[in-house]
Amino acid sequence: MKSDKTILTAGPSITRREIAYVLDAVEHGWNDEWNLYMRRFEELFAETAGVAHALSTSSCTGALHLALKALEIGPGDEVLVPDCTWVATASAVTYVGATPVMVDVQPDTWCMDPEAAERAITPRTRAMIPVHLYGQPADMLRLVPLARSRGLAIIEDAAPALGATIRTADGWRPVGGFGDIACFSFQGAKIMTTGEGGMAVTASKALFERMRFYNEHGRAPGGKAFEIAEVGFKYKMSNIQAALGLAQLERIGELVGKKRTILGWYRERLGEIPGLAFNAANCWSRGIAWMSSVILDPDRHPAREEVCRRMKAAGVDSRPFFPPLSTFPMFSKGAGCGPVAARLGACGINLPSGHNLTEADIDRVAAAFRSALKPARAAA
Ligand SMILES: Cc1ncc(COP(=O)(O)O)c(C=O)c1O
């Protein structure tokens with residue numbers, strides 16, 4: 001049946017399981033049982049990410065802030081972040097008084113370029129925050145040795161990438177266990193959702209305890225109930241959100257599988273279009289295609305804004321890639337941005353990728369996209 005409803009870029013998958021857990025948390029998750037779902041969610045999440053400790057938070061942005069605090073990064077320090085990412089990655093660096101230094105990204109993974117990162121290191125650099133952009137793993141096999149050799153801490157911004165893996169000498173390992181701390185997002189459009197929410201994971205008990213300390217308003221460990229040792233924060237997840245998160249996490253294999261299927265459907269329908277690039281496919285990583293994305297070729301295709309406008313007119317929503325952070329007034333140093341981040345920011349499109357999409361929906365998107373690529377007169 002043909003539908004006239006606009007096809008949106010995102011949308012969650014909510015089943016009876018999510019509804020049952022949330023109802024149970026609302027009904028029983030108080031008093032002695034106030035944190036049962038949080039504990040179950042954190043335990044299963046740590047296991048899924050392949051690390052020892054997980055701390056649930058109200059957002060990935062909050063988790064990044066706690067991570068930077070726990071690593072004692074502060075005023076005078078520089079932190080490398082990719083130029084192509086959501087602003088939260090760099091904003092969190094400013095929350096601790098440090099300076100984000102934008103690094104260009106690789107043309108294929110769209111993630112932090114190890115060579116550009118090396119060039120950006122100064123005596124003030126204390127850490128790097130590689131981002132697994134749109135669910136595509138960053139080149140951790142080169143970034144980790146670089147960071148270690150220069151004494152830098154590593155925070156993985158894995159906001160959209162739960163389930164993505166990287167091949168190591170010990171086999172395939174999930175993203176989230178390659179640095180000192182990794183942060184995930186459960187905002188409504190992510191691979192799994194708690195409405196809003198996040199998680200910080202680490203193999204280090206000491207870092208975990210520091211993050212928990214800062215997330216409890218700096219409450220003195222083992223101290224009296226209201227004894228505070230330092231100014232802290234409160235980025236907490238509720239038990240009700242954790243109930244939703246647990247149900248989603250128990251289905252993560254299915255949720256990731258659907259995203260990969262959607263990317264496969266797009267590749268089948270659009271793969272032969274000359275000059276069009278999709279999410280990277282390489283032998284050392286398996287992305288989750290949180291977003292199915294395409295990069296237009298400015299020499300062959302109409303301008304990205306025009307393509308998105310035509311798709312919208314055909315009832316298909318889309319999202320531009322993130323503009324380079326270094327073009328924003330608060331981050332711009334007047335030096336311009338990396339050429340790859342600039343090209344992706346101008347030519348990248350996230351296609352509809354919601355869990356709820358059917359193959360017939362992808363047919364509609366592909367047809368709208370093909371038609372939007374036609375030269376101006378033909379498309380009119
Ligand atoms: C790469 C990246 N980092 C951080 C965040 C922030 O996540 P949250 O909205 O949970 O704070 C996002 C959210 O879209 C993101 O895409």
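A residue counts as buried here if 20 or more other C-beta atoms lie within 10 Å of its own. Keep that cut-off in mind as you click around, and remember that this is a predicted model.

**Stop 1: helix 4**

Select residues 88-95, which make up helix 4. Colour Ala 88, Thr 89, Ala 90, Ala 92 and Val 93, since these are its buried residues. Now show what surrounds them: the cover includes helix 3, strand 2, strand 3 (99-103) and strand 5 (153-157). Step just past the end of helix 4 and you reach Gly 97, with a positive phi of about 85 degrees.

**Stop 2: helix 3 and the loop after it**

Helix 3 covers 60-70. Follow the chain out of helix 3 into the loop that leads to strand 2 (78-82), and pick Glu 72 there. What is its phi? The value is positive, about 60 degrees, even though Glu 72 is not a glycine. For context, most residues other than glycine have a negative phi. Is Glu 72 buried or exposed? Glu 72 counts as exposed, because it has 11 C-beta neighbours inside 10 Å.

**Stop 3: helix 7**

Next, select 205-215 for helix 7, and highlight Leu 207, Phe 208, Met 211, Tyr 214 and Asn 215, which are buried. Look down the axis: these residues span an arc of only 130 degrees, so they sit on the same side of helix 7. Rotate to the other side and you find Lys 205 and Ala 206, both exposed.

Which elements do the buried residues of helix 7 pack against? Helix 3 from the previous stop is one of them, along with strand 1 (53-57), strand 8 (181-185) and strand 9 (198-202). Before moving on, click His 217 just after helix 7, where phi is positive at about 60 degrees.

**Stop 4: helix 1 against helix 8**

Hide the rest and show helix 1 (residues 16-28) with helix 8 (residues 239-250). Their axes come within 8 Å and cross at roughly 155 degrees. Angles over 145 degrees count as roughly antiparallel, and that is how helix 1 runs relative to helix 8. The crossing is right-handed.

Turn on side chains for the contact. From helix 1, pick Arg 17, Glu 18, Tyr 21, Val 22, Asp 24, Ala 25 and Val 26; facing them in helix 8 are Asn 239, Ile 240, Ala 243, Leu 244, Leu 246, Ala 247, Gln 248 and Glu 250. Sorted by class, this contact has nine nonpolar, two polar and four charged residues.

**Stop 5: helix 9 against helix 12**

Here is another pair to show: helix 9 (residues 252-270) and helix 12 (residues 359-372). The axes come within 10 Å and cross at roughly 40 degrees, so helix 9 and helix 12 are oblique to each other. Helix 9 passes helix 12 in a right-handed crossing.

For the contact, select Ile 262, Trp 265, Tyr 266, Arg 269 and Leu 270 in helix 9, then Glu 359, Ile 362, Ala 366 and Phe 369 in helix 12. The classes here come to seven nonpolar, no polar and two charged residues.

**Stop 6: Ala 289**

Go to the loop between strand 11 (285-286) and strand 12 (293-295), where Ala 289 lies. Ala 289 is another residue other than glycine with a positive phi, near 50 degrees. Is Ala 289 buried or exposed? Ala 289 is buried, with 26 other C-beta atoms within 10 Å.

**Stop 7: helix 10**

Select 304-313 for helix 10, whose buried residues are Arg 304, Val 307, Arg 310 and Met 311. They cover an arc of only 130 degrees around the axis, and therefore lie on the same side of helix 10. Flip to the face turned away from that buried side to see Glu 305 and Ala 313, which are exposed. Gly 315 follows helix 10 and has a positive phi, near 85 degrees.

**Last stop: Gly 345**

Finish in helix 11 (residues 339-347) by picking Gly 345. With 21 C-beta neighbours inside 10 Å, Gly 345 counts as buried. Which residues does Gly 345 touch, leaving out those up to four places away in sequence? Select Cys 84, Phe 321, Phe 322, Pro 323 and Pro 324. Then draw a distance from the C-alpha of Gly 345 to that of Phe 321: the separation is 5.2 Å, for residues 24 apart along the chain.

Technical notes
Residues numbered from 1 in each chain as written. Predicted model: local features only at pLDDT ≥ 70, side-chain atom pairs only at ≥ 80, totals over all residues. Axes fitted to C-alpha atoms, helices over the stretch in contact; angles between N-to-C directions. Helix = DSSP H or I, 4+ residues; strand = E, 2+ residues; numbered from the N terminus. Parallel < 35°, antiparallel > 145°, perpendicular 65-115°, else oblique. Left-handed = near helix turned anticlockwise from the far one by under 90°. Contact = placed C-beta atoms within 7 Å. Nonpolar A, V, L, I, M, F, W, Y, C, P; charged D, E, K, R; others polar. Buried ≥ 20, exposed ≤ 12 C-beta atoms within 10 Å, placed from the backbone. Arc of directions from axis to C-beta.
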